[in-house]
Amino acid sequence: MTNYKHYCKEWDFLEIDADSPEFEACICEIDSDGRGPEFHSGDRVYVHPMRQEATVIRQILHYDGPESFWGNLELQYDDGIKGTSHSWQVKKVNTQWDNWKANREFV
Ligand SMILES: [Zn+2]
């Protein structure tokens, strides 16, 4: 069942779902559980089958009837080659920026 319940950043984080009138103006990238993508543009990842790092271009939202879910990743390797990988075949690589953010959360 389609729900899309989430705290919408278009509406000051008002809690809305697909039945709300505000939903028409919602441009959030969410799956049918109201979750955003696990991987974001610019994330560094290690791609196990390729044994190299890459940069995420985007995570693709898949549709299966009324359900939608976050699936494959479009990636760009450091030599400029683009590819697609299953999200379970990659893991995020901590960047200095991630470490900086993680440290800030404890301040
Ligand atoms: Zn929204």
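This report walks through a five-stranded sheet and the nonpolar core that goes with it.

## Before we start

The model is predicted, so local features are described only at pLDDT of at least 70 and side-chain atom pairs count only at pLDDT 80 or more, while totals for chains, interfaces and linings use all residues. Residues are numbered from 1 along each chain, as its sequence is written.

## The sheet as a whole

Let's begin with the strands. A strand here is a DSSP run of E with at least two residues, numbered from the N terminus, and two strands pair if DSSP finds at least two bridges between them. Five strands form an open sheet in the order β6-β5-β4-β3-β7, and the pairing is antiparallel. At the edges stand β6 (82-85) and β7 (90-92); each has a single partner strand, so one side of each is left without a neighbour in the sheet. From one strand to the next, the twist averages 45° (the axes are lines fitted to C-alpha atoms, and angles run from 0 to 180 degrees between N-to-C directions).

## Around β3

Which strands pair with β3? Strand β3 (residues 44-47) is joined to β4 (residues 52-64) over four antiparallel bridges, and β3 also pairs with β7, again in the antiparallel sense, over three bridges. Val-45 has a partner in both: Ala-54 is its bridge partner in β4, and Lys-92 is opposite it in β7. Next along the chain, Tyr-46 stands opposite Glu-53 in β4.

Four residues lie between β3 and β4 in their hairpin, and Arg-51 in the turn has a positive phi of about 55°.

## Around β5 and β6

Strand β5 (residues 67-77) runs antiparallel to β6, and four bridges join them. Here Glu-74 stands opposite Thr-84 in β6. These two strands also make a hairpin with four residues between them, where Gly-80 takes a positive phi near 95°.

## The nonpolar core

A nonpolar core is a set of buried Ala, Val, Leu, Ile, Met, Phe, Trp, Tyr and Cys residues joined through C-beta atoms within 7 Å; buried means that 20 or more other C-beta atoms lie within 10 Å of a residue's own, with C-beta atoms placed from the backbone. The largest such core has six residues: Val-45, Ala-54, Val-56, Leu-73, Leu-75 and Val-90. Strands β4 and β5 each supply at least two of them.

Leaving aside neighbours within four places in sequence, Leu-75 is in contact with residues including Val-47, Ala-54, Val-56 and Thr-84 (contact means C-beta atoms, placed from the backbone, within 7 Å).

Note on methods:
A residue is buried if 20 or more other C-beta atoms lie within 10 Å of its own, exposed if 12 or fewer, and partly exposed in between; C-beta atoms are placed from the backbone. Two residues are in contact if their C-beta atoms, placed from the backbone, lie within 7 Å.
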